[in-house]
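Open the model in your viewer and keep the sequence panel visible. The stops below go from the whole chain to single side chains.

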Amino acid sequence: MHIEAMILERATLDARDPAPYSQIVANDISAARPAPDRLLGSLPFKENGYMSDATANLPPGAELLGREWLGFDEGGQALIRFEAQPAFTNRHGTVQGGFLAAMLDSATGLCALATLTPDQTVVTKSLDTRFLKPAAVGPITARARVVERTDRDMVVQAELVDVDGIAVADATARLRIFAKK
């Protein structure tokens, strides 16, 4: 089974509701879509925290990357899928590292936003990225988790995996927390 099919089987938009997807077909993740009543609302991350509208308002960069919020797995990791386009490739025919770094930046930011109150936001202070294996055009899934947090700062780690479950890149992001204006 492909990694995305396994992730979708475990992903939940609400930790109290284990069936957020209207259809999951093993080995055919293209058929899996969030149930309409489960789309992008207040998405619980923990008992007293809620996902902001960050998943509903896709910035142009996230749209270019084909970003799709999948939810959280059983271990509390944020799952975000990207769609690497042929236009993202380098002279070797694999996804150029800058696009992978952009996916990691997007995933770590979205994971951080999921832990904040709606009146807070984050910006990336640094993104330490490692490129592990060549990445092919097609779906790439990010798994991200908060590893450290203070009132002003947050550290989020993420990895990108291809459809075969191979890690192609990972990163550690250091983020600053701000009140929204």
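Accessible areas here come from the Shrake-Rupley method with a 1.4 Å probe, and for residues only the protein chains shown count as cover. By that method the protein chain exposes about 9200 Å², with carbon and sulfur atoms supplying 51% of it.

This is a predicted model, in which local features need pLDDT of at least 70 and side-chain atom pairs count only at pLDDT 80 or more, while totals for chains, interfaces and linings use all residues. Residues are numbered from 1 along each chain as its sequence is written, and side-chain values use heavy atoms, with hydrogens and water left out.

**Whole chain, coloured by confidence**

Colour by pLDDT, the predictor's confidence in each residue, from 0 to 100. The protein chain averages 78, and 69% of the residues score at least 70. Now select residues 1–50: over this stretch the pLDDT is below 50, and beyond near neighbours in sequence it has 95 contacts in the model. Contact means heavy atoms within 4.5 Å.

**Whole chain, as a cartoon**

Switch to cartoon. The protein chain has 3 helices and 8 strands, in the order α-β-β-α-β-β-α-β-β-β-β along the sequence. Helices (H or I, at least four residues) and strands (E, at least two) are DSSP runs, numbered from the N terminus. Among contacts between residues at least 6 apart in sequence, 60% join residues at least 24 apart. Of the 181 residues, 44% count as buried; buried means under 20% relative accessible area, exposed over 50%, and partly exposed in between (1.4 Å probe, protein chains only).

**Strands S4, S6 and S7**

Select S4 (residues 78–84) and S6 (residues 138–149). These two strands run antiparallel and are joined by 7 bridges; two strands pair if DSSP finds at least two bridges between them. To find the register, pick Glu 83, whose bridge partner in S6 is Pro 139.

Add S7 (residues 153–161). S6 and S7 pair in the antiparallel sense over 8 bridges and form a hairpin with 3 residues between them. Thr 141 stands opposite Val 161 in S7.

Go back to S4 and pick Arg 81. What is its relative accessible area? The value is 7%, so Arg 81 is buried. Its C-alpha atom is separated from that of Leu 70 by 6.9 Å, with the two residues 11 apart along the chain.

**The nonpolar core**

In soluble globular proteins, nonpolar side chains tend to be buried together. A nonpolar core here is a set of buried Ala, Val, Leu, Ile, Met, Phe, Trp, Tyr and Cys residues joined through side-chain atoms within 4.5 Å. Show Ile 80, Phe 82, Met 103 and Leu 160 as sticks: of the 34 residues in the largest core, these touch the most other members. The elements that give two or more residues to this core are S3 (68–72), S4, H3 (97–113), S6, S7 and S8. H3 gives the largest share, 8 residues.

Centre on Phe 82. Leaving aside neighbours within four places in sequence, its contacts include Leu 65, Met 103, Ser 106, Ile 140 and Leu 160. Next select Ser 106 in helix H3. Ser 106 has a relative accessible area of 13%, so this residue is buried. Not counting residues up to four places away in sequence, Ser 106 touches Ala 62, Arg 67 and Phe 82.

**Salt bridges**

Side chains of opposite charge can pair when their charged atoms come close. The structure holds 6 salt bridges, each a side-chain nitrogen of Lys or Arg within 4 Å of a carboxyl oxygen of Asp or Glu.

- Select Asp 128 and Arg 174, where the closest N and O atoms are 3.1 Å apart. Asp 128 lies in S5 (residues 120–131) and Arg 174 in S8 (residues 167–179), 46 residues apart. Asp 128, at 44% relative accessibility, is partly exposed, and so is Arg 174, at 34%.
- Select Glu 159 and Arg 143, with an N to O distance of 2.4 Å. The pair links S7 to S6 across 16 residues. Glu 159 is partly exposed at 25%, whereas Arg 143 is buried at 16%.
- Select Asp 153 and Arg 176, whose closest N and O atoms are 2.8 Å apart. Asp 153 is in S7 and Arg 176 in S8, 23 residues apart. Asp 153 is partly exposed, at 23%.

Finally, add Lys 125 to the last pair: Lys 125, Asp 153 and Arg 176 are linked in a network of salt bridges.
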